[in-house]
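Here's a quick briefing on charges, patches and contacts in this model. Have a look at the structure first, then we'll go through it topic by topic.

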Amino acid sequence: PDTLSDFIGYGISAYPADRYGLILWNHGGGSTSGVCFDELDGDFLTAPEIHQALSDAQTQTGGFRFSVVALDACLMATFELACHLQPFADYMVASEEMVPAEGLDYAAFLSALRDDPAMETEAFCRMMVDSYFDAALASLPDDYLTLSVLDLSQLPALAESLDAIGGGLSIALDSGKLNTISRNRQRMRSLGDFESYGSDMVDLRHFIEVYASLSGCDAATALRALDAAVCYN
């Protein structure tokens with residue numbers, strides 16, 4: 001985290017701008033494994049360490065916010081990471097699935113930003129998504145892809161709904177419904193699930209649809225909050 005916060009501080013002092021974006025690139029493993037794996041010593045950034053780095057950088061630089069934080073890495077569009085980023089960024093761009101080796105199409109979205117520096121941040125994020133799909137499918141037409149834009153200002157309402165569902169599931173567990181919860185989970189597809197690897201993470205919409213009623217909560221309320229938070233995907 002010290003390396004990341006130092007890098008952010010250097011970028012802001014050396015290249016003053018009206019808006020800032022941060023892209024974390026390299027291998028990703030979701031909420032439990034983190035991102036940006038150091039191939040020399042095996043270290044990586046966990047979600048709490050990213051939060052620490054952004055908090056330190058925000059303190060050192062006088063309270064700035066990123067317009068967007070993007071994750072050019074597999075499996076990083078997680079609710080947990082979004083919560084860690086929410087105090088420091090307006091938007092998050094990431095994939096809940098695996099990302100092909102080509103990753104984001106930097107030439108496409110940076111060229112567009114060069115031609116129109118006043119582009120709205122959400123429009124810029126949408127361009128990151130569209131150019132990613134165009135480039136990846138041109139290379140591998142049958143590939144399975146996801147990429148989402150999250151409006152982090154909408155996250156508190158989603159967090160409130162998920163807290164309610166989680167609380168209801170805890171009660172359900174205590175009342176002897178472990179088998180029901182387990183069977184439902186077994187029917188859900190794990191993201192990044194291949195013959196030799198599985199992330200044990202699931203799509204959040206599917207999670208809400210399956211578990212809201214079991215927890216005694218209104219799925220519609222949680223799904224509306226999710227739709228507000230995921231503004232493009």
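Buried means under 20% relative accessible area, exposed means over 50%, and partly exposed is in between (1.4 Å probe, protein chains only). By that yardstick R65 is partly exposed, at a relative accessible area of 37%. One caveat up front: this is a predicted model, where local features need pLDDT of at least 70 and side-chain atom pairs count only at pLDDT 80 or more, while totals for chains, interfaces and linings use all residues. Residues are numbered from 1 along each chain as its sequence is written, and side-chain values use heavy atoms, with hydrogens and water left out.

**Salt bridges**

- Side chains of opposite charge can pair when their charged atoms come close.
- The rule here asks for a side-chain nitrogen of Lys or Arg within 4 Å of a carboxyl oxygen of Asp or Glu, and the count comes to six salt bridges.
- One of them joins D90 to R65, with the closest N and O atoms 3.2 Å apart.
- D90 sits in strand β3 (residues 89-94) and R65 in the loop between α3 and β2 (66-72), so this pair ties together parts that are 25 residues apart in sequence. Helices (H or I, at least four residues) and strands (E, at least two) are DSSP runs, numbered from the N terminus.
- D90 counts as partly exposed, at 30% relative accessibility.
- R189 pairs with E97, their closest N and O atoms being 2.8 Å apart. The two come from distant parts of the chain, 92 residues apart: R189 is in the loop between α8 (178-186) and α9 (204-211), and E97 is in the loop between β3 and α5 (106-115).
- Buried or exposed: which is E97? At 3% relative accessibility, E97 is buried, whereas R189 is partly exposed at 44%.
- D227 and R205 also meet in a salt bridge, at 2.2 Å from N to O. D227 belongs to helix α10 (residues 219-229) and R205 to helix α9, so the pair links parts that are 22 residues apart in sequence.
- Both ends are partly exposed, D227 at 45% and R205 at 31%.

**Surface patches**

- Patches are built from residues with over 30% relative accessible area and no salt bridge; like charges are joined within 9 Å, and nonpolar side chains (Val, Leu, Ile, Met, Phe, Trp, Tyr) within 5 Å.
- D38, E39, D41 and D43 make up a negative patch on the surface. For charges, Asp and Glu count as negative and Lys and Arg as positive, with His and the chain ends not counted; each charge is placed at NZ of Lys, CZ of Arg, CG of Asp or CD of Glu.
- E39 lies in the loop between α2 (30-33) and α3 (47-60) and is exposed, at 65%.
- F7, Y10 and Y15 form a nonpolar surface patch, together offering about 400 Å² of accessible area (Shrake-Rupley, 1.4 Å probe; for residues, only the protein chains shown count as cover).
- Y15 is in the loop between α1 (2-14) and β1 (21-25), and is exposed at 55%.

**Polar contacts**

- A polar contact is a pair of N or O atoms within 3.5 Å; within protein, one must be able to donate a hydrogen and the other to accept it, and residues adjacent in sequence count only if both atoms are side-chain atoms.
- T121, in helix α6 (residues 121-139), is buried at 14%. Its side chain makes a polar contact with that of R19 (3.0 Å).
- S153 lies in the loop between β4 (148-151) and α7 (155-174), and its side chain contacts the side chain of D151 (2.7 Å).
- S153 and A89 are 64 residues apart in sequence and 8.7 Å apart in space, C-alpha to C-alpha.
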